[in-house]
Amino acid sequence: MQHLLDTLASGIHDAKNQLFIAESLIAASEAKHGLDLGEARYAIEAAAGRLSRTLSAYRLMRRGAQLAIVPCIVDDLCREVALAQKQHLAQAGITLEIDCQVIDEWPLDRDLITDMLNNAVQNAGRFARSRVVLSARTTADGICLRVEDDGPGFAELPPRRGTGLLLAERLAELHERNGRKGSLQLGNDGALAGARFELSLP
Amino acid sequence: MADYSKKRFLVIDDQPLARDALRSVAQTLGAFTVEFSTNYQDAIYRIRQNVPDIILCDYVLGEGRSGQQLLEELRRFNLLPDETIFMMVTGEQSYEQVVAAVELVPDDYIIKPFSPDKLQLRLDRIMEKKNFFADYYREKRRQEYAQALAILQACRTSEAGRPYRYEILRQQAEVEMASGLVEQAEATYRGILEKFNFPWARAGVARSLQQQNRLSEARQEIDQVVAGTPHYFDAADVKASICMAQGEHAEAQKVLDTASQKTPRNYQRKRLLAEAANLNGDTATASAALSDVLANDSMPGAVTPADRLALARTHVAANELIGAEKVLLSLRESEVQNMALSEQASYVALLALSLPGKGKPRFSGLRPALMVGELETAARIDVMRTALDLADNDLADHQCEQLMASSEAKKLFGTLRGLYSRYGREMDFREIQRQVALKRIHHEVPAAG
């Protein structure tokens, strides 16, 4: 089992190195010729994200999976999601707003949570009419990260679980602190009247 | 956005295409000066010559070296000022597992592929953080620890410090450890653990307990860390050193053996392994580890006379006197003259056993100093061994008494008793042990527990 995981990880690692070379070549031509090839770079990063997510899903679904929890500035995390998604959403006429009210550092798995929020914002962008909001709040017993859109909402509740949602659920419950676990809530009662994707972390 | 045009970048990567990619990313940020290193040695050489402002280092460096090792080596030799940015670049998500556990972390890491914008966002925020801690870094470098702690205290209660509250506490604990305030350090680490169960904070609790000689408690904490995060090799080192202090040398060697196999080029760990193996009576392992250190720890100044003395000591313990002689004679006379008293004592003691004609006169010449001087532990054992061999009972018993009265008594007990019984003086050793215990009761000096 470990052997298979290592093989997969090393293959994905090589692929991401190649993708990085491709993305850098594109970025260099953009700078040299004054082009905007943001969508090409977006496609490359989306492909890399997909590879990472597949590996993470495989890794986290196993028993005894461990996260890598580090103190993290939540605002930085939100800004990174905005950087990755804003331009792409704008192409489709959708604005992404960020509203982060968490100032203190928070212990969480930065890479996996960022990836999950990227995925949630991508999904919201697919159904939104014109707006997606990513917000972060402190609550009585933790923080709450929320992605809302002004689309039609989930067709059924609870929705069918694809890789992304299964991974989000697992990731939430692996965040454990002083005996309390994180959780994922999905609903159609968002502030923008569309779907609401909400992750609570202790 | 910070101005990157005046910053000196150093890109470290063994793959030419990836190196070019990193350079073009840096240039997109406006960087004018971008230097390259293609391997570990060259990177160290360049950083020694002229410290860059920003280091972009790939995690995989070839030849069994990693960026994490490079970072640890740079910190070990104090080649990386706090002001320099060290950014690890990696295609592997698993590096985050490393960062979550270890004590020595880069300023940040970034997972490939990434855009120039994303790197810039990361670098901008590191600059903000370094600006926030600038006063603290200055006081820490000057070793003005009280000042440094006062600055951190102010940081902790400031609004601007809220995004860095864990980092502030972590720095505070480190300064407290460095300045000997071990009980405060313990309290600070425990305060962090109350907020979140970070492995590095629990290892910190263990280290501070060890410094307070509360060994069983320290052991309990570190066992928990090693069991929970087996890839956290620094914790293995801490565990081994606690085990040694408790006199459990076989366990110490086992822990270090496992960690060393996973990190074959970590020579500090090899030195520790040699120490544990020697205490454990496994001179073959000790000798192999030390020979590896002497041959391959290639950083200038990394291999010291102390390493050669350790190897000579190992040969003497294994009764390979020719080997010991060879190692000792590889030390130049000028190096010996420049040694502190402890190392000189070890040198003449080991030489007296392996090359008596040359060594014995020098040993007797130094004897008056050995009867009164403050010696380090290893030197005391060397002197004791040679004195036993020369039937100089006063000198041997003096060293033995000092060692048995020190906080390292538990660690050394087996070694000392072994040497006394080898020379048929086990009963005398028991008497020394009894006398030291009586004195301890008399003065109510607590033993390590």
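**Figure 1. Strands E6 and E7 of chain B run side by side.** In this predicted model, strand E6 (residues 85-90) of chain B pairs with E7(B) in the parallel sense, and four bridges link the two. To find one spot on this ladder, look for B:Met88, whose bridge partner in E7(B) is B:Tyr109. Now zoom out a little: the pair belongs to an open sheet of five strands in chain B, with the order E2-E1-E3-E6-E7 and parallel pairing. Which strands sit at the edges? They are strand E2 (33-37) and strand E7 (108-111) of chain B, each pairing on one side only. Going from one strand to the next, the twist averages 20 degrees.

**Figure 2. A cis peptide bond comes up in the loop between E7 and H5 of chain B.** The residue to look for is B:Pro113, which is found in that loop. The bond joining B:Lys112 and B:Pro113 is cis, with omega at about -5 degrees. Why point it out? Most peptide bonds are trans.

**Figure 3. A five-strand sheet in chain A has mixed pairing.** This open sheet has the order E2-E4-E5-E9-E8 in chain A. Its edge strands are strand E2 (95-100) and strand E8 (183-187) of chain A, and each of them pairs on one side only. If you ignore direction, neighbouring strands here are turned by 15 degrees against each other on average. For a closer look at one pairing, take E8(A) and strand E9 (residues 196-201) of chain A, which pair in the antiparallel sense over five bridges. Here A:Ser183 has A:Ser200 in E9(A) as its bridge partner.

**Figure 4. Helices H4 and H5 of chain A lie against the sheet strands.** Helix H4 (residues 110-127) of chain A packs on the sheet and touches E2, strand E4 (131-139), strand E5 (142-149) and E9 of chain A. The direction of H4 makes about 25 degrees with that of E5(A). What does helix H5 (residues 163-174) of chain A lie across? That helix lies across E8 and E9 of chain A, and runs at about 140 degrees to E8(A). While you are here, check the loop between E5 and H5 of chain A, which is the place of A:Pro158. The peptide bond from A:Leu157 to A:Pro158 is cis, with omega near -10 degrees.

**Figure 5. Helix H14 of chain B is largely enclosed by the rest of the structure.** Helix H14 (residues 267-279) of chain B has 13 residues. From its first C-alpha to its last, H14(B) reaches 18 Å, close to the 18 Å expected at 1.5 Å a residue. Is this helix enclosed or open? Twelve of the 13 residues of H14(B) are buried, so the rest of the structure largely encloses it. The buried residues include B:Tyr267, B:Arg269, B:Leu273 and B:Leu279. What do they pack against? The buried residues of H14(B) have five helices of chain B to pack against: helix H12 (233-245), helix H13 (249-262), helix H15 (283-296), helix H16 (305-317) and helix H23 (409-422). After H14(B) comes B:Gly281, with a positive phi near 80 degrees.

**Figure 6. Two asparagines in chain B loops have a positive phi.** Most residues other than glycine have a negative phi. One to look at is B:Asn78, whose phi is near 55 degrees. B:Asn78 lies in the loop between helix H3 (67-76) and E6 of chain B. Buried or exposed? B:Asn78 is exposed, because 8 other C-beta atoms lie within 10 Å, and 12 or fewer counts as exposed. The other is B:Asn319, with a phi of about 60 degrees, in the loop between H16 and helix H17 (321-329) of chain B. B:Asn319 also counts as exposed, with 10 C-beta neighbours inside 10 Å.

**Figure 7. Chain B meets chain A.** The contact takes 29 residues from chain B and 34 residues from chain A. On the side of chain B that touches chain A, the elements giving two or more residues are helix H1 (16-28), helix H4 (95-101), helix H5 (116-132) and helix H8 (165-178). Which element gives the largest share? That is H1(B), with six residues. Sorted by class, this side of chain B has 14 nonpolar, seven polar and eight charged residues.

Conventions
Residues are numbered from 1 along each chain as its sequence is written. Chains are lettered from A and ligands numbered from 1 in the order in which they are written. This is a predicted model: local features need pLDDT of at least 70, side-chain atom pairs count only at pLDDT 80 or more; totals for chains, interfaces and linings use all residues. Two residues are in contact if their C-beta atoms, placed from the backbone, lie within 7 Å. Ala, Val, Leu, Ile, Met, Phe, Trp, Tyr, Cys and Pro count as nonpolar, Asp, Glu, Lys and Arg as charged, and the others, Gly among them, as polar. The expected span of a helix is 1.5 Å times one less than its number of residues. A residue is buried if 20 or more other C-beta atoms lie within 10 Å of its own, exposed if 12 or fewer, and partly exposed in between; C-beta atoms are placed from the backbone. Two strands pair if DSSP finds at least two bridges between them. Axes are lines fitted to C-alpha atoms, for helices over the stretch in contact, and angles run from 0 to 180 degrees between N-to-C directions.
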